[in-house]
Structures are given as C-alpha cells and as structure tokens.
Amino acid sequence: MRRHTAIGYLTMDIVINANHPTIEQHLTSISHYGNFYHNLFASLAVPDYPPVADLLRTQHHLASGMWLIVSPVYWQATHNDAMIIACGNDLTLPEKESRLWFEALREFLAQENIQLYYHDAFTWLLQCDGQPTIKAKPVSTLKHQSLMVELQQLDRTLFWQRLITEIQMFFSSHALNKVRLDHPINGVWIWGGGELPSHSAAPLVSFDRKTMALASLLSTQVLLYHPTLRIPRQAVLLVDEVSDQELIQLQERFKQTSVRWYWNNMAYLTKPTHWVSRLLEKFK
C-alpha cells in the first residue's frame, strides 16, 4: 500500500543517501526518519519496526542469525527518565572518530560474546545470537521523547536495558568525549531487528550501481535509472550519491510530477506547477 497526498493524486518517492546541502524555506517539509534505510522501508510501507539490521546483514553477506543496529547517541537522563537529544547527523561524527568509538564498544562487548560490524559512522551492526528478542523503535523516532516506556518494553528479562545502561556509563566517562567539539556521545540505542519481508512487487529504480544490489534484496522489479527510462507509476527511486548537476537534472525531469524527496537530514514535497499537469496526475 502506497501513501497518497491530501489532494488525492499518486506521489513518487525519491530516497537519497546524503544530506541536502541547504534548507530551502519555500519547500513544503514533510516527516522523515533521518536515515536512508528507514526512509526506504517507510516508502515500502514498513515504517514502524523496519528490519534494517537484516537488510544490511544480507547486503554485507554476513552470517544469518539475530542482528540489530547500534546507533551512537547523546541523551540526557534524570533520576526517573531519559531522552535522546541527538543522533545521526546531529552528532557531527566523522568516520575517523566513529571508528574509534566503534572499536571501543567492540572491545567492551567482547565479554558479552556480542560481535560488532561497522557499516557507517552512525550505523553499526550487532550480532547477538542467543540473546533475548528486543522490541525497539528506530532511534530517529524517539528524539526528544520520554524513553521510560520504550526502555520498559525492550524485553522482559531486562538484558537489553542493562546493556544499554552499562554502555551509557562506559561512553559517558570515555576519554574520546574530552576532545569532542559538539554533543558528547554518552550512549547508544539498539534497534532494527526482525527479518526481511518477502520481496515487494513495488518497482524500485536504482540511480546508480551501488543501490542496484540493495534494491534487488527488496523488490522483484528493479530497474537501473536512465534519463530516457519510462519510470513506472508508484516507483521508488534510490540514490546513493548525487552531484549538484544530477540533482538539477532530476528536479527538471520530475517538475511535473508530485514527488516526496527523502534526504538523511530533511524531506519535502514538490508538486506539479502547471494546473494541467496536476489534473493529469490526479487521473492517471
């Protein structure tokens, strides 16, 4: 099932694994998840508990088993509550520094017989076979919200609550925080469990070869983008990186189409500008 805009015509999604270079005030902002993979699953109507870890595990050809996502965060805690203040791009975490945090956590978790695998600066994979099942919402959906209910529902054995608390104590006092210029990194959120759903019939269009393999894990209908390609209705276009010139070309091509543009740091809706195009969109 795909979403519709308020006025009723079908809308195309473009999901880009990059930050939008500028925040343009005239754009119509829409909700997003601050993460390329979560944005992608939401476009495929799997928004609440997306199995991001299993997708990345498969993409990296790692062994099957129980995998989760570890996201470094900055959170504030009081005597009876906690709240995630920053995660992802909010942390200003370059890859070099991220790998130092990753290595510190990998050594810390070795005593728990838990393995880590590095994906990117904000996304680390955790293999935890034999541990309790966890029910955790994606990190970006929890910012500036009370975590008490979320922590209580993680698992009945309290294994994950204990582990997250121990990591929080370890990170809070870590020497790496002494040289950080932005938010301290004083904890992690663990999420992204579950198994990949069956391949969707929704058409996925890959803007580049890098997203082609990813798309093939999710859809039975995968196409490689070309300026002359006739893109199916309700398609999702996946873009790993896009130059300024390529972005201008995409904007020009889809200027008469209703499009949701999902970036890692923002999302917005663009609508056909000419009333005839908008009418045709409505009745296609």
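Seven strands form an open sheet in this predicted model. Their order is 2-12-11-1-10-8-9, and the pairing is mixed. Strand 2 (28-29) and strand 9 (222-224) are the edge strands, and each pairs on one side only. Inside the sheet, strand 8 (residues 204-206) and strand 10 (residues 236-239) run parallel, joined by three bridges. Val205 stands opposite Leu237 in strand 10. A helix lies across this part of the sheet. Helix 6 (residues 209-216) crosses over strand 8, strand 9 and strand 10. Helix 6 runs at about 175 degrees to strand 9. That angle is over 145 degrees, so the two count as roughly antiparallel.

Now turn to another pair of strands. Strand 3 (residues 67-77) and strand 7 pair in the antiparallel sense, over five bridges. Here Pro72 stands opposite Val188 in strand 7. Strand 7 covers residues 187-191, and five of its five residues are buried. Which residues of strand 7 point which way? Gly187, Trp189 and Trp191 point one way, while Val188 and Ile190 point the other. In a regular strand, side chains alternate between the two faces of the sheet. In strand 7, the residues pointing each way are all buried.

Strand 7 leads into the core. The largest nonpolar core has 67 residues. Trp189 and Ile190 are among those with the most contacts inside it, together with Ile84, Leu105, Leu109, Leu126 and Trp160. Strand 3 gives this core its largest share, seven residues. Leu105 shows how distant parts of the sequence meet: it touches Val70, Leu116, Trp124, Ile167, Phe170, Phe171 and Val188, leaving aside residues up to four places away in sequence. A second, separate core has 21 residues, including Met12, Ile14, Val259 and Met266. In soluble globular proteins, nonpolar side chains tend to be buried together.

Next come two helices. Helix 1 (residues 36-43) and helix 2 (residues 52-59) have axes that come within 10 Å. The axes cross at roughly 110 degrees, which means that helix 1 is roughly perpendicular to helix 2. Which residues meet between helix 1 and helix 2? From helix 1 come Tyr37, His38 and Phe41. From helix 2 come Val52, Leu55, Leu56 and Gln59.

Last, the cysteines. How many disulfides are there? The count comes to zero, with a pair of sulfur atoms required to lie within 2.5 Å. Cys87 is buried, with a relative accessible area of 7%. Cys128 is buried too, at 0%.

Notes
Residues are numbered from 1 along each chain as its sequence is written. This is a predicted model: local features need pLDDT of at least 70, side-chain atom pairs count only at pLDDT 80 or more; totals for chains, interfaces and linings use all residues. Side-chain values use heavy atoms; hydrogens and water are left out. Buried means under 20% relative accessible area, exposed over 50%, partly exposed in between (1.4 Å probe, protein chains only). Helices (H or I, at least four residues) and strands (E, at least two) are DSSP runs, numbered from the N terminus. Two strands pair if DSSP finds at least two bridges between them. A nonpolar core is a set of buried Ala, Val, Leu, Ile, Met, Phe, Trp, Tyr and Cys residues joined through side-chain atoms within 4.5 Å. Contact means heavy atoms within 4.5 Å. Axes are lines fitted to C-alpha atoms, for helices over the stretch in contact, and angles run from 0 to 180 degrees between N-to-C directions. Angles under 35 degrees count as roughly parallel, over 145 as roughly antiparallel, 65 to 115 as roughly perpendicular and the rest as oblique.
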